[in-house]
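Student: I am new to this structure and would like a close look at how its helices pack. Please take one part slowly and explain each term as you go.

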Amino acid sequence: MKIRHPSVWLPAAALLIVSQLTFGASVKKKDEAVASVERHKAELVGLSDQVWAFAETALLETRSSKLLADYCDQQGFTVERGVAGMPTAFVASYGEGRPIIGVLGEYDALPGLSQKAQTSKEVLEAGAPGHGCGHNLLGTGALGAALAVKDLMAAGRLKGTIRFYGTPAEESVGGKVYMVRDGLFRDLDVCLTWHPGDKTEVSVDGSQAIVEFIVEFYGKTAHAASDPWNGRSAVAALEFFTTGLNRMREFVRPTVRMHYAILNGGDVPNVVPAYARLWCWLRDSKGAGVEQLLARARRIAEGAATMAEVDSKFTVQGGDWETLVNLAGEKVMYDNLARLGPIQFTPEDQEFAKEIQKATGVEPKGLDGSVRPWAAPKPDPEGGSTDVGDVSWIVPTLSMNATTAPLDTPWHAWPVVACGGMSIGHKALVYTAKVLATTMVDLFENPKTVEAIQAEFREKTKGVVYKPFIPDGPPALVKR
Ligand SMILES: [Zn+2]
């Protein structure tokens, strides 16, 4: 089997040098950063629990973003709200001069995932959204890190600028892409983020590129029994389209993922449907692969419309670039993960996790809070995309995962919501705030570390022209 290593850029020797450069950083300042997170722990957990309870979906995170932005304000950050044409996006800054380090926070929930913080499936509020991706933890954990750095700056211990980015609508729309387009990350030296998961590790595998589009078909209605010959079915075209797309599956690379939802497929059988609508997502390891899929899907839509004798409309709604991994930066983050050691879950946390595993038919192994050893990046990312990808092509971006849910239980599902609203999630967010904060101490203290990270970034982005998948203008505020 042929194995490619597209993202292995730094040889081991260079990593060692970077690691040695960071070794000299003030251990004391890291301890102070950790102490700051501990000091704010109760507040951070309180914020996370409130965001968990608000459970607001993409671009509707009004209370969640206000809560976090207000807190930044109280803590002495300068807060700019409603950036990049999105009322729920904001940037909170503190300090001045270089380096400028950013931390990304998210706070959007997923529709229909309302769940109580308990070991069995039970909705908190019927039909309401829930934090099935743990973004309540993501936002407040990242904020805790920014706050710890701010505390050190206020005490005259670190110099430079820290920015916390309140980035809405990760789950759909992709708020960060709009913030990228508005140039909000352009002057950063390095950016950091994290994501909840069932393991604790640095993210060196990246994520897939994705494009999403809507296909609409416009036919002609008629009575389905008395004069069907006068009708032209939009649903027939939609069926031709899905048939074409599904036949195409055989002729795409194994890294491709294609999925869709039918949003309008007629109302009643005795009316020839004049309108049909489908929402489709196409993914591959690289943006170039996605571009090809998109061109093929467009042709399939045209062909479907021709066959059904209807009109079609194809609208690209957005998408994310694949995440560009920065190994020099990930190594710094890894050292700080290793320094902090595993997340210490209690026997009660483990019991809670095992009950959930039993309830979801998964082996009851509990939580794995250990730090996964450094491993070479996989040739292709696993399935999944994030708008962090777009940021990573503008500024070197470092990311990690922390354990917020039981091993192997389903994601974007009730177990994640349950654990995100109790002590398991709380421990993970506090832990991550410490890792991100101590990693940032390295970045603020060691210009050579930042330079090594930026050198890798320059090398990997040489000749690349970044162009977002999003259409012109601000994102449409549509409830899907
Ligand atoms: Zn997520």
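**Helices in contact**

Tutor: From helix H2, the residues Lys 29, Glu 32, Ala 33, Ser 36, Val 37, Arg 39, His 40, Leu 44, Leu 47, Ser 48, Val 51 and Trp 52 meet Asn 136, Leu 137, Thr 140, Leu 143, Gly 144, Leu 147, Ala 148, Asp 151 and Leu 152 of helix H4, where contact means heavy atoms within 4.5 Å and a helix is a DSSP run of H or I with at least four residues, numbered from the N terminus. The residues of this contact comprise eleven nonpolar, six polar and four charged, with Asp, Glu, Lys and Arg counted as charged and Gly among the polar ones. This is a predicted model, in which local features need pLDDT of at least 70, side-chain atom pairs count only at pLDDT 80 or more, and totals for chains, interfaces and linings use all residues. Residues are numbered from 1 along each chain as its sequence is written, and side-chain values use heavy atoms, leaving out hydrogens and water.

The axes of H2 (residues 27–54) and H4 (residues 135–154) come within 8 Å and cross at roughly 145 degrees, on a scale from 0 to 180 degrees between N-to-C directions.

Packing can also be followed in helix H9 (residues 347–359), whose buried residues (under 20% relative accessible area, with a 1.4 Å probe and protein chains only) are Asp 349, Phe 352, Ala 353, Ile 356 and Gln 357. Seen down the axis of H9, these fall within an arc of 140 degrees, so they line one face of the helix. The buried residues of H9 pack against helix H11 (414–420) and helix H12 (423–445).

Methods
Helix = DSSP H or I, 4+ residues; strand = E, 2+ residues; numbered from the N terminus. Expected span 1.5 Å × (residues − 1). Buried < 20%, exposed > 50% of the residue type's maximum accessible area, 1.4 Å probe, protein only. Arc of directions from axis to C-beta.
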